[in-house]
Structures are given as structure tokens and as C-alpha cells.
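Trainee: I'm new to this one and would like a close look at a single part. Could you walk me through the salt bridges?

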Amino acid sequence: MCLERGIIERQVRPVVRLVDDLLDISRIVAGKIDLVRESIGLRELLARIEGLLRRQGWQREGREMRVESAVASGADAASGERVSFGDY
């Protein structure tokens, strides 16, 4: 029973991510999510990504995570979209 459950869980994960992505697209089209372009420090971005992965249980799945930053001074900025969720 455990083997079958593991197989089912592995098969379902990509489908769940696909459905989540499709729902995000429909929210963007419906105007419920705003994408706002802004600059963010690379160190802050790495810290946010690390926190997100930890909250999602990255290490519980037997994966090791190590974040290193070798950002040159003056290059500590990135540009991208910040997602702002409206009421839905």
C-alpha cells in the first residue's frame, strides 16, 4: 500500500502545480493579481527564496539546502515583478 501511495503522490504533485499555475493565470486575467515591477536587492531575494523553501518543507524531503551569495558590490540589485493579490 505504501508503494502505491508514493507513486500516486509523485504523479499528483506536477498536476497540482499545473492547476495552481493555471489558476494564477486566470486571476491575472481577471485582475485579481497585480504584477508590480520593482528593484530588489539580490541578498534580500535569496533570503526570501530560502525562507520560502524552508516553509515548503524542502529539507523534510531529504534535500540539503545551502545558500551562498557572492554578489559583487554595486551589483546588488535585480528587477522583477512583485505579486500583489487582490481579494479573491
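Mentor: Sure, and one term comes up front: a helix here is a DSSP run of H or I at least four residues long, with numbering from the N terminus. Keep in mind that this is a predicted model. The protein has 2 helices and 2 strands, in the order α-β-α-β along the sequence.

Searching the whole structure turns up 3 salt bridges. Start in helix α1, which covers residues 2-29. There, the side chains of Arg5 and Glu9 form a salt bridge, 3.1 Å from N to O. These two sit 4 residues apart, about one turn of the helix. Arg5 is exposed at 56% relative accessibility, while Glu9 is partly exposed at 36%.

Now go along to Arg27 and Asp24, also in helix α1 and 3 residues apart, so about one helical turn lies between them. Their side chains meet in a salt bridge too, again 3.1 Å from N to O. Look at the cover here: Arg27 has a relative accessible area of 19%, and the cut-off for buried is under 20%, so Arg27 counts as buried. Its partner Asp24 is partly exposed, at 29%. For context, buried residues make up 9% of the 88 residues in the protein.

Last, hop over to helix α2, residues 42-55, where Arg48 and Glu44 are 4 residues apart, about one helical turn. In their salt bridge, the closest N and O atoms are 2.6 Å apart. Arg48 is partly exposed, with a relative accessible area of 44%, and Glu44 is partly exposed as well, at 40%.

Technical notes: Residues numbered from 1 in each chain as written. Predicted model: local features only at pLDDT ≥ 70, side-chain atom pairs only at ≥ 80, totals over all residues. Heavy atoms only, no water. Buried < 20%, exposed > 50% of the residue type's maximum accessible area, 1.4 Å probe, protein only. Salt bridge = Lys/Arg side-chain N within 4 Å of Asp/Glu carboxyl O.
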